[in-house]
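Subject: Structure for you to look at

Hello,

Here is the structure I promised to pass on. Please open it beside this message, and my notes follow below.

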Amino acid sequence: MNIPKDPVILLSFINTHLRDRYPSLEELCKSCDIPMDELIRSLASIDYHYHPDKNQFL
């Protein structure tokens, strides 16, 4: 899957997918073949971190 490179756009893209299609970040990453550590690092660069209880980056 082609994902946005810009972290701000990526944030919106990932949170939308988490809200609408996937019950967890792990499921999203497996299904879309996205390296979870790279995704987490990219969003941490703009100070957003995954919260499993909310299933979103905040």
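Contact here means heavy atoms within 4.5 Å. Please also keep in mind that this is a predicted model.

With that in hand, let me start at Leu 39. Setting aside neighbours within four places in sequence, Leu 39 is in contact with Leu 10, Ile 14, Leu 25, Cys 29 and Ile 34. Leu 39 also belongs to the largest nonpolar core, which has 13 residues; Ile 14, Leu 28, Leu 39 and Phe 57 are the ones that touch the most other members. Helix 1, helix 2 and helix 3 each contribute at least two residues to this core. As background, nonpolar side chains in soluble globular proteins tend to be buried together.

Helix 2 is a good place to go next. Within this helix (residues 25–32), Leu 25, Leu 28, Cys 29 and Cys 32 are buried. These four lie on the same side of helix 2, because they cover an arc of only 95 degrees around the axis. Lys 30 and Ser 31, on the other side of helix 2, are exposed. And what covers the buried residues of helix 2? The cover includes helix 1, helix 3 (36–44), strand 1 (50–51) and strand 2 (56–57).

How do helix 2 and helix 3 pack? Their axes are 10 Å apart and make an angle of about 120 degrees, so helix 2 is oblique to helix 3. The residues that meet are Leu 25, Glu 26 and Cys 29 from helix 2 and Met 36, Leu 39 and Ile 40 from helix 3.

The loop between these two helices deserves a look as well. Asp 33, which follows helix 2, sits in that loop. Asp 33 has a positive phi of about 55 degrees, although it is not a glycine. Is Asp 33 buried or exposed? Its relative accessibility is 71%, so Asp 33 counts as exposed. Ile 34 is found in the loop between helix 2 and helix 3 too, but Ile 34 counts as buried, at 8% relative accessibility. Beyond its neighbours within four places in sequence, Ile 34 is in contact with Ile 3, Leu 28, Cys 29 and Leu 39. If you would like a distance to check on screen, the C-alpha atoms of Ile 34 and Tyr 48 are separated by 17 Å, with their positions 14 residues apart along the chain.

A second non-glycine residue with a positive phi is Asn 55, at about 50 degrees. Asn 55 lies in the loop between strand 1 and strand 2 and counts as buried, with 12% relative accessibility.

Finally, two polar residues of helix 1 caught my eye. Asn 15 is in helix 1 (residues 7–20) and is buried, with a relative accessible area of 15%. What does the side chain of Asn 15 have beside it? One of its polar atoms lies 2.7 Å from the backbone nitrogen of Phe 57. Not counting neighbours within four places in sequence, Asn 15 is in contact with Gln 56 and Phe 57. His 17 is also in helix 1 and, at 10% relative accessibility, counts as buried. Apart from residues up to four places away in sequence, His 17 touches Met 1, Tyr 22 and Leu 28.

Happy to go through any of this on a call.

Best wishes

Notes
Residues numbered from 1 in each chain as written. Predicted model: local features only at pLDDT ≥ 70, side-chain atom pairs only at ≥ 80, totals over all residues. Heavy atoms only, no water. Buried < 20%, exposed > 50% of the residue type's maximum accessible area, 1.4 Å probe, protein only. Polar contact = N/O pair within 3.5 Å; in protein donor to acceptor, adjacent residues only side chain to side chain. Arc of directions from axis to C-beta. Core = buried A, V, L, I, M, F, W, Y, C linked by side-chain atoms within 4.5 Å. Axes fitted to C-alpha atoms, helices over the stretch in contact; angles between N-to-C directions. Parallel < 35°, antiparallel > 145°, perpendicular 65-115°, else oblique.
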